[in-house]
Amino acid sequence: MSLFAKIWRTPAVTEAVGQDPEAQVAVVARQIGERARKLFGRSLHIVEVDAGSCNGCELEISALGNPYYDMERFGLHFVASPRHADCLLVTGPVTRNMAEPLKRTYDATPDPKIVIAIGDCAINCGVFKDSYAVVGGVDKVIPVNVFVPGCPPEPVDILRGILSALDRLPRK
Amino acid sequence: MTGYLLEISQALMALALAPGLVGFVRWWKARLQGRRGAPPWLVYYDLRKLFGKEVVISKNASWLFRFTPYLVFSSTLAVTLLVPLIAAPLPFDRVGDLLLVVYLLLLGTFFLALAGLDPGTAFGGMGASREMTIAAIAEPTIALSIFGLAVGAGSTNLGRIVAQTLAHPGAAISPGHLLGFAALFIVMLAETGRLPVDNPSTHLELTMIHEAMTLEYSGRYLALIEWAAALRLLIFFSLLANMFAPWGVATTLTPVAVSVAVIALIAKLGALGLVVALLETRLAKLRLFRVPELLAVSFVLALLAVTSSFLLR
């Protein structure tokens, strides 16, 4: 009963996501098709692929589900299978072992789909650059639509990246 | 003629309401977790999106895999014609009774388990074996818990049972009804994949039951399966609401009675949705090996329901 008393006392703690001119928001590398944007306007199912990340980005991504960031209010939802997904969220430099699984995951995802690379490593391998163990950025293996820089990027930046890709960022 | 029209509009209404019901439960859960949550109508957008997407099928999959979504969807839709959602008795009461409802639901489960096995993925087989374990214990309880009411009404016809309870309102607080309600409620949680048995919002394949079988589906096939799962939730909610507390169900086909019935149904579904959301906030998932114990409890409750209504007849 004390649980429900606490729920009753606590209001919804979700914070609003606004545009932040200071933040270096996502760079849209490849435009997302009008049809995909229309289709994903309200509902986007995401599957997360760790291509060799240090798990720093994963911590920030898993924060998206908590009550503060609550990405579900935008219709964003994590799913378990690439077959259910509309969007691949790829983190980390692509290691040699993960290059093939990443490509297969991309092929297993039904069209239309978008790919978002999260973190500096996913863009240019970050601190792992030129290591013998990595193939390169995510762009080397599969086509990327959006890059979200940061090491790791803040949850709110990831949210901005996804929403600006869909052209759904709330206007001020 | 009006009866048949009503049947069809009842099935269409169930189709239209089902995704909203799932979204409503999710919205309540989000509010209870201190989140804003997705609006209840998000599920409609999900379905529209899935229908617009490409279908990717594993090259190991056979015709069974492609056929199953249609079968699951149509068998579940057929059940909505047999369950008294807004009016009783209905013309289709002559076509099928309680047993047909139970076996149509089981048919969908069976084919979904086969389709989980078909593409040969590890998680699909795991989900299928778990679903069958649960279905084998849960399915008889559905029939048995409503048999408790059937003994009182002298018929397994769902419409007849509703009419009987409406004629004798005192029966609704008889031990047979109350025990049967408790039994069916527990089975509803198991059969629709709600929390103490299965977690509808999990992303961890190892703990999945229902979703593990559908991991290989995409596009319109996935949409059909998700829509059928939502319909299943609505069917179980309305069985709980209308068999055990049938007030509001229209017995005459006047516009006033029917609109009252629709409003009463939506109110009952909303109340049950809130109860399920509260339960899911409070309860943790049971260990898989403890699930049969929970289901055995519900079976015993159903057995007691039948016995007591037989003795107190």
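Read along the sequence, chain B of this predicted model is helix after helix, in the pattern α-α-α-α-α-α-α-α-α-α-α. The tally comes to eleven helices and zero strands. For all that helix, chain B is as compact as a globular protein of its length, because its radius of gyration of 19 Å is close to the 20 Å that the globule rule gives for 313 residues. Along the principal axes, the C-alpha atoms of chain B fill a box of roughly 55 × 45 × 40 Å. Some 52% of the 313 residues of chain B count as buried. As for contacts in chain B with a separation of 6 or more, 80% of them link residues 24 or more positions apart.

Next, the inside. In soluble globular proteins, nonpolar side chains tend to be buried together. Here the largest nonpolar core has 104 residues, and the members touching the most others are Ala18(B), Leu21(B), Trp227(B), Ala230(B), Leu233(B), Leu234(B) and Leu240(B). Helix α9 of chain B, covering residues 219-244, gives the most to this core, with 20 residues. Take Ala230(B): once its neighbours within four places in sequence are set aside, Ala230(B) is in contact with Ala18(B), Pro19(B), Leu21(B), Val22(B) and Val43(B). Apart from the largest core lies another one, of 46 residues, and its members include Ala36(A), Cys125(A), Val146(A) and Ile162(A).

Phe237(B) is also part of helix α9 of chain B. Phe237(B) has 24 other C-beta atoms within 10 Å, so it counts as buried. Beyond its neighbours within four places in sequence, Phe237(B) is in contact with Leu269(B) and Leu272(B). Glu211(B) is another matter: 26 residues separate Glu211(B) and Phe237(B) along the chain, and their C-alpha atoms are separated by 20 Å.

Helix α4 of chain B takes in residues 98-117, 20 residues in all. From first C-alpha to last, α4(B) reaches 29 Å, close to the 28 Å expected at 1.5 Å a residue. A good part of this helix is tucked away: Leu98(B), Val101(B), Leu105(B), Gly108(B), Thr109(B), Phe110(B), Leu112(B), Ala113(B), Ala115(B) and Gly116(B) are buried. The cover over these buried residues of α4(B) includes α3 (63-82), α5 (122-153), α6 (158-167), α8 (210-213) and α9 of chain B.

Chain A mixes its elements, with six helices and eight strands. From the N terminus on, the order in chain A is α-β-α-β-α-β-β-β-α-β-α-β-β-α. Of the 172 residues in chain A, 45% are buried. Contacts in chain A with a separation of 6 or more come to 85% between residues 24 or more positions apart.

That leaves the place where the two chains meet. The contact takes 24 residues from chain A and 28 residues from chain B. On the chain A side, α1 (2-9) and α2 (34-40) each supply at least two of the residues that touch chain B. By residue type, the side of chain A that touches chain B divides into twelve nonpolar, six polar and six charged residues.

Terms used. Residues numbered from 1 in each chain as written. Chains lettered and ligands numbered in written order. Predicted model: local features only at pLDDT ≥ 70, side-chain atom pairs only at ≥ 80, totals over all residues. Contact = placed C-beta atoms within 7 Å. Helix = DSSP H or I, 4+ residues; strand = E, 2+ residues; numbered from the N terminus. Nonpolar A, V, L, I, M, F, W, Y, C, P; charged D, E, K, R; others polar. Rg over C-alpha atoms; globule rule 2.2 N^0.38 Å. Buried ≥ 20, exposed ≤ 12 C-beta atoms within 10 Å, placed from the backbone. Core = buried A, V, L, I, M, F, W, Y, C linked by C-beta atoms within 7 Å. Expected span 1.5 Å × (residues − 1).
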